[in-house]
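Here is a structure to look around in. Take a moment with the sequence and the 3D view, and then we can walk through it together.

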Amino acid sequence: MIELFAQTETATGFGQFLLLGLVIGSLYALIALGYTMVYGIIELINFAHGDLFMLGSFLALQLAFWIGVSTATDQTTVALAGTVLIMLILTPLFCASLNAAVDRVVYRPLRNSPKLTVIVSAIGVSFVFMNLGLFWKGASPVKFPDLISDQNLFPDSGIRFTWKDVMVVGVTVPTMIALTLFVRFTSMGKAMRATAQNPTAARLMGINSDRVIAVTFAIGGALAGVASVVYGLYVKAVDYQMGFQNGLYAFTAAVLGGVGNIPGAVLGGLIIGVVGELGKAYIGAKWSEAIIFGILILILIFRPSGLLGARTREKV
Amino acid sequence: MNVLRYWVQALFILLAAYPFLPFAEANRGEQFTILFIYSILALGLNVILGYTGLLHLGIAAFFGIGAYTVGILTVPFFPFQQSFLVAALAAMVAASVIGVVTTAPILRLRGDYLALVTLGFGLITLYAIRNLDAITEGTKGLNPIDPGPLPGVSGQDMSAWQRINPDWGRRWYNYPYLYFVTLGVLAIVMILLRNLERSRLGRAWVALREDELAASCMGLNPARLKLAAIAIGAGLAGLAGAFYAMALSTTGNPQAFDFTLSMIMVCCVILGGLGNRAGVLLGVFLLMGFDRILTNILDNMIQENIGVGGANYLKVSGWKLFIFGMVLILMMRFRPEGLLPEKRHQRELHPEFDEAIGEAAAKRETAQQTGHPTRKPAPPS
């Protein structure tokens, strides 16, 4: 986040912070979607989701090392684009299978347990992931290779909008559209909506709820994987504790939009991003976290269903 | 079996004797003092999480509030200069009041949302402590905390006691004086909580935990009961924080009161057994003992005997989060009621026990009806 803050100092004006907030917010939205889908179906606050995101960014970093783009100095555009593409394919695959595997091993045996039991084991999974991240890349922040140019696309307008911002928007928006289409038009999407609405009735209609839940975890994990690659490329530094805070921001976004609601998660993510950046700019960077969690508490007190929660009864 | 029944009492006697044993080390004793303090904190969380069933993920905030109340009331930087007794009472009251005031608006939230709000509250408290440099000195912490134990007693020179054992500290909050004080306070808290468990309030909490709707239909007021649990739990956490600041003689880095501490306390309570005082004590001694004492010993042993080091996975302390996480996952999967379960909790989580008892009773009845009086009634398992 330090890198981000350095960027804001060079830029000026409200519009710049708004833009930055929207870009960061679309990242939070991507993570928030994973929370909201899982919560919509099995009512579990998946505390491990943020740490899954962290492991994803570590994998992307590892891929960059293996391919060798981080060490060589001048790379062709094709090599860079190819690396980013490989990251964007392999990291979501890894996160999806890891998330589905955790669901199979840890959460599925607890399907009929009290909610507290499942939440506590999710916290346990989060600790284990964090420790694995610590073993993988160590305790101090690691630099992520700078694969995408920082060149400003509109040098004369006074607003800084770089290729990086284009990349974030260009990856997150199509992903969200694809997700919406998937949930709305495929039979698996229909099964997910049905399970979210009424698990028992869905099961009676012949829906294999365990499979639906596994697919939900896989999709949520894949979204976290995409987000982790984009985050790494954008912020250029990753560390093993970043999952906790980014995960909490994303969950705040999900709650803000109405947990279990896909457009709500996107809206919430954008709002959190903008509020965070404006808070940093006008109130002070050290208070921006407190502001975001303050919003979380106020939303939960005054409108627990979230901004869009009441409008639709469907949870996915 | 009878020996095991009194293991808590035996443990307290052993711990009270520890500083007089020939192999006692001041260093180890100070670590034990910290364990006693965390035990008080965990017992406070147990009132909220174990008795009443509210998943509170911000208990460390009350611990921090307690520590900083003592800091503000005693350091030379501020004009208050109170003795420790006054400051500790103020810490309890402050934590209690803040707990009640911040929890009152969120009582109607369901379990997991409540968990989230308390987590947010814990983080905001931590950020506030860290950012209000003018009051809390930011990451440096308030120091030196050096008050007398009682109003009017300076208590800083314990040289009379040092004649008994030259290793003993010069101030009342050095080892072993604070060791005895915290051990005594822990014992008093255990006894008070035992009485509380059996009181009207304690039984009402359990009723609320088991079934809130049924409890409110029987005339219990859930909001008031939950607030009472928060008040008592937060008060104990504030007291623990007060002793923590005293043991360190500084409030230290506010990072010590972050989410990880809250989570480790939840781990301790769950590992030991929700709602069971002795279990909570066991949980703290196992997990915090591992975290604070055993990992250091093992790391040093590895360092001396094998001589490797550096990489995180070669140190026991590097595995800390992994071990905590696995403890949580495995406990939830195989023994969600904890190592030393409270009976009611165990029945709730294992309905098959009650079913087995019911089946045995039914068999007995059929046996009597069909006229086999010679058959022994099945013993209730």
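**A walk through the two chains**

Let's start with chain B, where buried residues make up 41% of the 381 residues. Here, a residue is buried if 20 or more other C-beta atoms lie within 10 Å of its own, exposed if 12 or fewer, and partly exposed in between, with C-beta atoms placed from the backbone. Keep in mind that this is a predicted model, in which local features need pLDDT of at least 70, side-chain atom pairs count only at pLDDT 80 or more, and totals for chains, interfaces and linings use all residues. Residues are numbered from 1 along each chain as its sequence is written, while chains are lettered from A and ligands numbered from 1 in the order in which they are written.

Chain B has 17 helices and zero strands. Helices (H or I, at least four residues) and strands (E, at least two) are DSSP runs, numbered from the N terminus. The C-alpha atoms of chain B fit a box of roughly 80 × 55 × 45 Å along the principal axes.

Now over to chain A and helix α2 (residues 14–42). At 1.5 Å a residue, its 29 residues should span 42 Å, and the end C-alpha atoms are 40 Å apart, which agrees; the expected span is 1.5 Å times one less than the number of residues. Since 23 of those 29 residues are buried, α2(A) is largely enclosed by the rest of the structure. Right after α2(A) comes Glu43(A), with a positive phi near 55 degrees.

Helix α9 (residues 209–235) of chain A has 27 residues and reaches 38 Å between its first and last C-alpha, close to the 39 Å expected. α9(A) is mostly covered too, with 22 of its 27 residues buried. Just after α9(A), Lys236(A) has a positive phi of about 65 degrees.

Helix α11 (residues 262–282) of chain A has 21 residues and spans 30 Å, close to the 30 Å expected. Of these 21 residues, 16 are buried, so to speak of α11(A) as mostly covered is fair.

How do the chains meet? In all, 33 residues of chain A are in contact with 33 residues of chain B, where contact takes C-beta atoms, placed from the backbone, within 7 Å. On the chain A side, α5 (115–137) and α12 (288–302) each supply at least two residues, and α5(A) gives the most, with 15 residues.

Note on methods
Contact = placed C-beta atoms within 7 Å.
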